[in-house]
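Colleague: I am new to this structure, and I would like to go through it with you slowly. Please set each value beside its definition before you draw a conclusion.

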Amino acid sequence: MNILSQDIKYLQGVGPNRATLLANELHITTVGDLLVYYPYKYVDRSRIYKIGNINGNMPYVQLCGQILSFETTGEGRGARLIAHFSDGTGFIDLVWFQGIKYIKKTYDCHKSYIVFGKPNVFNGRIQIAHPEMENAPEEIKQQACTTGNLFQENPTNTNIQESLDAQPSVFKGLCPSYNTSEKMKRSGLTSAGMAKLTANMFKILKTPLPETLPGYIVQKHHLMSHNDAIHNIHYPSSPESLRHAQLRLKFEELFYVQLNILRYVKDRQLRYKGMVFNTIGENFNRFFYHHLPFQLTEAQKRVIREIRADMRSQRQMNRLLQGDVGSGKTLVALMIALIAIDNGCQACIMAPTEILAEQHRETLCGFLADLPVRVELLTGTVKGKKRTAILEGLVTGDIDILVGTHAVIEDNVLFHKLGLVVIDEQHRFGVAQRAKLWMKNTVPPHVLVMTATPIPRTLAMTLYGDLDVSVIDELPPGRKPIRTIHMFDAHRPRIYELMNRELSIGRQIYIVYPLIKETEKLDLKDLEAGYEEIARAFPNYKVSKVHGKMKPKDKDAEMQRFANHETHILVSTTVIEVGVNVPNASVMIIENAERFGLSQLHQLRGRVGRGSDQSYCVLVTKFEIGETTRKRVQVMVDTTDGFEIAEQDLKLRGPGDLEGTQQSGMAFDLKIANLAKDGQILTLARDTAQSVIDSDPEERNTENDILWRRLRELRKTNINWGAIS
Ligand code: ADP
Ligand code: MG
């Protein structure tokens, strides 16, 4: 049996109890799983410090010297053992609170030890609690005695280095630190405990690990071999080799992610032909020449051209349309829907919430006016006769455009001939769900995913790596950039002043709170209190309140009241985040702005500035805020460019936190690569994967066999990967 698939239980140092822990806490069940449980950092143990030179602020240090005497203090639970330790340049206390007997028995006075740990200052003395101890190698001891200057800081002292190299001991070089849980630590599986296990693992790995990439790729990019990389990632032989190992493993990881995506794209293209929309017909032309109330922006024109090219190409379109809030994506959706209709097909436009679906329908009907295009709305609340009528209209083909929520992907929603699906504002809509749409027609419809959350390129390449990308990078003319202002709680009178001014000229105002009462701590200015305060401060205006715990029906009704200008101020949680369009609203106030991610702030801010008047976004924070918060707020004040903000967000937060990464279906656990930092490696990996697919489309090149085999293995072990195949 392959040693990598061996049960972890049988590895020396594991046993049944720890095996259960490893499985529960880290999903490690085999030796192979442990092999890819990489350290999260390394501690430099290549250098020996002089006690005279250390202080309590240093990170881990390594010392070499002798125990002069032991001292026991306290009793029972308060007992502690202190070893007075010296190397001739100074003194330090080594302290143990547990295992005192064992320590006393194991270590002797006047013998030389290598000591490793984190120095702290306690009662004015430097000490190391529970240090790691090793017998010092003979050579070091001798030098210590004879030369007296052994413990110099210069790590290039070759004599010491050689003697250290000669010893296959843990105090050599960079040592791995492994993440472990509290539970694991209680069973001895600390970082050091895990290091013992990985060391034991390498002892039983007698034969080199097989290569996981074809030789020509390894050579072309000067990569370290898989075997060396795995060894060096756990036990680096030098900082240099560690870098090579990291590069190799990151590349490998990203390469397989990309190969998986691109191969899926190729399969999809082979399996499904696309409908061909050759005609630009009556509806499109009438709309374009007689109904379009304004000129399309250049960006809108370009995007429509790109989409048209897809729809004529005989391939099924799978395209992501990115465009900042207010860039006019809805109109693009409508115009391409008209192309589908002119080619004898129906179109379906999906929105994430009822209110957005409803708004879309209204917008579309407004644009279409007297054109003979029938638009209907289907959501979860459309029931009974109305629903039956719509389902019928879809089957007969009487309905041209269906606007709706997730309700439209239900199995009983059937179309006469569905040619286009537009998914709006939706990263919660993964690959698997999209695939479901194709079943609605014998030939799969073209799919356009629209998002106003600009996604940094690296993230798009993985999360939406199977989609072609179009970008609307231009706002319609005449928009005044939103003015963003940072204010502290104490500035409230000035905020009220601004609100009063805008309300008095007939504008409306959003106030957003991060969370509602029941779920958060007291120090948060919460929605309920805020609502009451606002109602008191603005007695002449009507105030709406909306939050996530309301029934969808009530929420929608309240939103609708605001949209109809029946209320003037909307106090809410983030439920209004996506897509809502109330052009008359000119002020967005975000309370506890520090609690929001940058992309989220950008989305919220995008709710105003939709008309031609000056709009304002006020970010309210408390006075004491940290450095990162200050930076984040400043980014918002400085720029309204969504892409810039998304890049900054990725940098400040890391990709795991970004909205949508979990649900995308193309997501997976990256063990070592970091999408925020490894953009270059990612690009290289994607290009390499693409060239494999292009140069060997039939998969006949035997050099590539290794790739397809590995891909199958990875799909088996990774649930998320499996979802798309
Ligand atoms: P989003 O991309 O955020 O979905 P919308 O489609 O809601 O943006 O468009 C925002 C507003 O801009 C709408 O009121 C829409 O009618 C208007 N709009 C769209 N395209 C243009 C254009 N080319 N010129 C002027 N206004 C436009
Ligand atoms: Mg929109």
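Colleague: What makes the pair formed by a backbone N or O atom of glycine 326 and an oxygen atom of ligand 1 a polar contact?

Modeller: A backbone N or O atom of glycine 326 lies 2.6 Å from an oxygen atom of ligand 1, and a polar contact is a pair of N or O atoms within 3.5 Å (within protein, one must also be able to donate a hydrogen and the other to accept it, and residues adjacent in sequence count only if both atoms are side-chain atoms), so the pair qualifies. An N or O atom in the side chain of lysine 329 is 2.7 Å from an oxygen atom of ligand 1, and a polar backbone atom of glycine 328 is 3.1 Å from an oxygen atom of the ligand. Taken alone, ligand 1 exposes 570 Å², of which the protein buries 84%, with accessible areas coming from the Shrake-Rupley method with a 1.4 Å probe and, for residues, only the protein chains shown counting as cover.

Colleague: Before we go on, what kind of model is this, and how are its parts numbered?

Modeller: This is a predicted model, in which local features need pLDDT of at least 70 and side-chain atom pairs count only at pLDDT 80 or more, while totals for chains, interfaces and linings use all residues. Residues are numbered from 1 along each chain as its sequence is written, chains are lettered from A and ligands numbered from 1 in the order in which they are written, and side-chain values use heavy atoms, with hydrogens and water left out.

Colleague: Which residues come nearest to ligand 1, and what kinds of residue form the shell around the ligand?

Modeller: There are 17 residues around ligand 1, and Gln295, Gly326, Lys329, Thr330 and Arg479 come nearest, where a residue is near a molecule or strand if one of its heavy atoms lies within 4 Å of it. The shell divides into 6 nonpolar, 7 polar and 4 charged residues (Ala, Val, Leu, Ile, Met, Phe, Trp, Tyr, Cys and Pro count as nonpolar, Asp, Glu, Lys and Arg as charged, and the others, Gly among them, as polar). Helix H13, residues 329-342, gives the most to this shell, with 3 residues; helices (H or I, at least four residues) and strands (E, at least two) are DSSP runs, numbered from the N terminus.

Colleague: Why is the meeting of the side chains of arginine 125 and aspartate 93 called a salt bridge?

Modeller: The N to O distance between the two side chains is 2.8 Å, and a salt bridge is a side-chain nitrogen of Lys or Arg within 4 Å of a carboxyl oxygen of Asp or Glu, so the name applies. Arginine 125 lies in strand S7 (residues 125-129) and aspartate 93 in strand S4 (residues 91-96), so the pair ties together parts that are 32 residues apart in sequence. The structure holds 26 salt bridges.

Colleague: How do you know whether arginine 125 and aspartate 93 are buried or exposed?

Modeller: Buried means under 20% relative accessible area, exposed over 50%, and partly exposed in between (1.4 Å probe, protein chains only). Aspartate 93 has 7% and is therefore buried, whereas arginine 125, with 42%, is partly exposed.

Colleague: What separates arginine 630 from glutamate 627 in helix H22?

Modeller: Arginine 630 and glutamate 627 are 3 residues apart in helix H22 (residues 627-638), which means a separation of about one helical turn. Their side chains meet in a salt bridge at 3.3 Å, N to O. Arginine 630, at 43% relative accessibility, counts as partly exposed, and so does glutamate 627, at 47%.

Colleague: Why is serine 241 called buried, and which residues does serine 241 touch?

Modeller: Serine 241 has a relative accessible area of 12%, which is under 20%, so the residue is buried. Its place is in helix H10 (residues 239-271), and its side chain makes a polar contact of 3.0 Å with the side chain of serine 237. Not counting residues up to four places away in sequence, serine 241 touches Met224 and Asn232, where contact means heavy atoms within 4.5 Å.

Colleague: How many helices and strands are in the protein chain, and what share of its residues is buried?

Modeller: There are 26 helices and 22 strands in the protein chain, and buried residues make up 53% of its 725 residues.
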